[in-house]
Amino acid sequence: MSNVASANTDHKIPDHIPPHLVADYDIWVEPTTPPDIQMAVVNKLHHQLPDIFYTPLNGGHWMVSRMDHLRKVVTDGATFSSSGASTLPNPEELPLPPQDMDAPDHMKYRKVLLQFLAPKDLSKQAPHVLSLCNKLIDDLEGRNSCNFKEEIAVPLPVSIFMAIMDWDTSRIREFVSWSVDIISSNDPAVSYAGMLKLQEFLSGEIAYRQENPGDDPLSLLLASKVDGVQLTPQRVREMANLLFTAGTDTVTNAMTYFMFHLARHPEMQDHLRGHPEEIDVAVEEMLRRYSFVNVVRRVTRDVEFEGVQMRAGDRVIASLAAASNDDRWVKNPEQVDLSRGRCPHVAFNTGPHACIGAPLARLELKIFLAEWLRRMPNVKLADGFWPKQRGGAIMSLESLEITW
Ligand code: HEM
């Protein structure tokens, strides 16, 4: 998933939208002071604006922020389509199966990915994840500060992804730089160039696996069939491209938000160090509190949704940050409260498109947090540091300077 800035241009308000449901809301807004972006989003969407409204900004779209509305939108693919609704930078208009597909094809392609992303297949990755976490923490020895995002949160998911794909991990620096260009650059040209480099690599790697098949994910994809027809190398590249972009920066963001929280809450670091059995709950509760994806759908037919008239072709954006922090759904949502136990959230969305990489993300986040707390003393934000917060389809922190 990526976060390339879309032009924040004004857009003519379509006739079917009543004036009282129009508000200027910009998903790219970037608060420069506390609170964090999730709470800024919640304050605006839940306390200042209607539950469902239309913004003319960023090409014009409906905005949905409540948990019950989100659930209705994302479980009704016939009315709210994923096709053509993606926000990824897209050289050659590359399709992104299965994310931009609807039923029935969506499930067929999703099943193909489950060959290597199902939880039972991931448990064998745990030792890799553990050793990569420890290697990165080793590199901090003798220091008392770091840029957590750049030094830990970016390389860790990229190297884990490369190991899963059986790619040459000695090229980690190149992959990290593509990932940073594609995902973190605000300049569409830089992002596009990074995407082209990734495509070139994927094409070469796929050609190699065609000649030298193994039991790695690309070989499995190349050998897979949908409706009895073998996947083409082009289709395999589209799927691998989605996996890389969806499966690396998201974990980076989650790790960075987790550390942003912990660095401001030393009592939670102490607590988890004394109660490592609560790390699973802490991961879920921080995923909930710091949900950061805005999902996009396109309306397929004229429809009245929750009393609001929508038209075929309208875009709908649902804020998962707002839905996971919906006070009609969870009490005191702004608090990371481990006593809630496992509070359901939508950091990974819900419905047929719910994140297929969630088991891998959880594995990485839990192992990382346990190792970090086991090996590191309490950390805090560097003196005077407050991160630059990014809005957009994927909200993120530009960097995170911590000390210990
Ligand atoms: C904390 C980390 C992650 C978060 C917060 C996250 C979030 C999401 C969300 C919200 C969606 C739904 C998009 C929509 O409904 O339009 C999604 C879909 C997806 N994610 Fe993740 N993701 C994470 C990690 C991963 C990882 C590690 C992978 C794979 C290696 C991955 C692969 C995918 C794929 C392939 C889809 C499309 C699924 C479909 O359309 O059926 N994600 N993710």
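Here are some worked exercises on a predicted model, going from its ligand to its pockets and backbone.

**Exercise 1. Describe the surroundings of the ligand, starting with its iron atom.**

Step 1. Begin at the metal. The iron atom of the ligand has a single donor from the protein, the SG atom of Cys355, at 2.3 Å. Cys355 sits in the loop between α15 (320-324) and α16.

Step 2. Widen the view to the shell. The ligand is surrounded by 26 residues, and the closest are His106, Arg110, Asn349, His353 and Cys355.

Step 3. Look for polar contacts. His106 places a polar side-chain atom 2.7 Å from an oxygen atom of the ligand. Arg110 also has a polar side-chain atom 2.7 Å from a ligand oxygen. With Ala246, the backbone takes part: one of its N or O atoms lies 3.4 Å from a nitrogen atom of the ligand.

Step 4. Assign the shell to elements. Two or more residues come from each of α3 (105-117), α11 (233-247), α12 (249-264), β7 (294-299) and α16 (358-375).

Step 5. Sort by class. The shell holds 17 nonpolar, seven polar and two charged residues.

**Exercise 2. Characterise the largest pocket and its lining.**

Step 1. Take the volume, which is about 600 Å³.

Step 2. Find the centre. The lining has 20 residues, and Glu150, Glu151, Val154, Pro155 and Val176 are the closest to the centre of the pocket.

Step 3. Trace the helices. At least two lining residues come from each of α5 (126-138), α6 (148-153), α7 (155-165) and α8 (172-184). The largest share, five residues, belongs to α8.

Step 4. Count the classes. Here the lining divides into eight charged, seven nonpolar and five polar residues.

**Exercise 3. How many cavities of 30 Å³ or more does the structure hold, and what lines the second largest?**

Step 1. Recall the idea of the search. Rolling a probe the size of a water molecule over the atoms reveals where empty space is left.

Step 2. Count the cavities: there are two of 30 Å³ or more. The second largest has a volume of about 100 Å³.

Step 3. List the lining of the second largest cavity. It comprises 13 residues, with Lys149, Ile183, Ser184, Asp249 and Asn253 nearest the centre.

Step 4. Name the contributors. Both α8 and α12 supply at least two residues, and α8 gives the most, with four.

Step 5. Sort by class: six lining residues are polar, four nonpolar and three charged.

**Exercise 4. Which peptide bonds to Pro98 and Pro104 are found, cis or trans, and where do these prolines lie?**

Step 1. Set the background. Most peptide bonds are trans, and most residues other than glycine have a negative phi.

Step 2. Read omega. From Pro97 to Pro98 the bond is cis, with omega near 5°. From Ala103 to Pro104 the bond is cis too, with omega near 0°.

Step 3. Place the residues. Pro98 is in the loop between β3 (80-81) and α3, and Pro104 lies in the loop between β3 and α3.

**Exercise 5. Asn58 and Asp166 have positive phi; where does each lie, and is each buried or partly exposed?**

Step 1. Take Asn58, whose phi is near 55°. Asn58 belongs to the loop between β1 (52-55) and β2 (61-64). Its relative accessible area is 7%, so Asn58 is buried, the limit being under 20%.

Step 2. Take Asp166, whose phi is near 65°. Asp166 is in the loop between α7 and α8. With a relative accessible area of 45%, Asp166 is partly exposed.

Notes: Residues numbered from 1 in each chain as written. Predicted model: local features only at pLDDT ≥ 70, side-chain atom pairs only at ≥ 80, totals over all residues. Heavy atoms only, no water. Near = heavy atom within 4 Å. Polar contact = N/O pair within 3.5 Å; in protein donor to acceptor, adjacent residues only side chain to side chain. Nonpolar A, V, L, I, M, F, W, Y, C, P; charged D, E, K, R; others polar. Donors = N, O, S within 2.8 Å, 3.2 Å for Na, K, Ca; no water. 1 Å grid on protein atoms, 1.4 Å probe; cavity = no way out; pocket = protein on both sides within 12 Å on 5 of 7 lines; lining within 4 Å. Points joined across faces, edges and corners; volume = space filled by probe spheres on them. Buried < 20%, exposed > 50% of the residue type's maximum accessible area, 1.4 Å probe, protein only.
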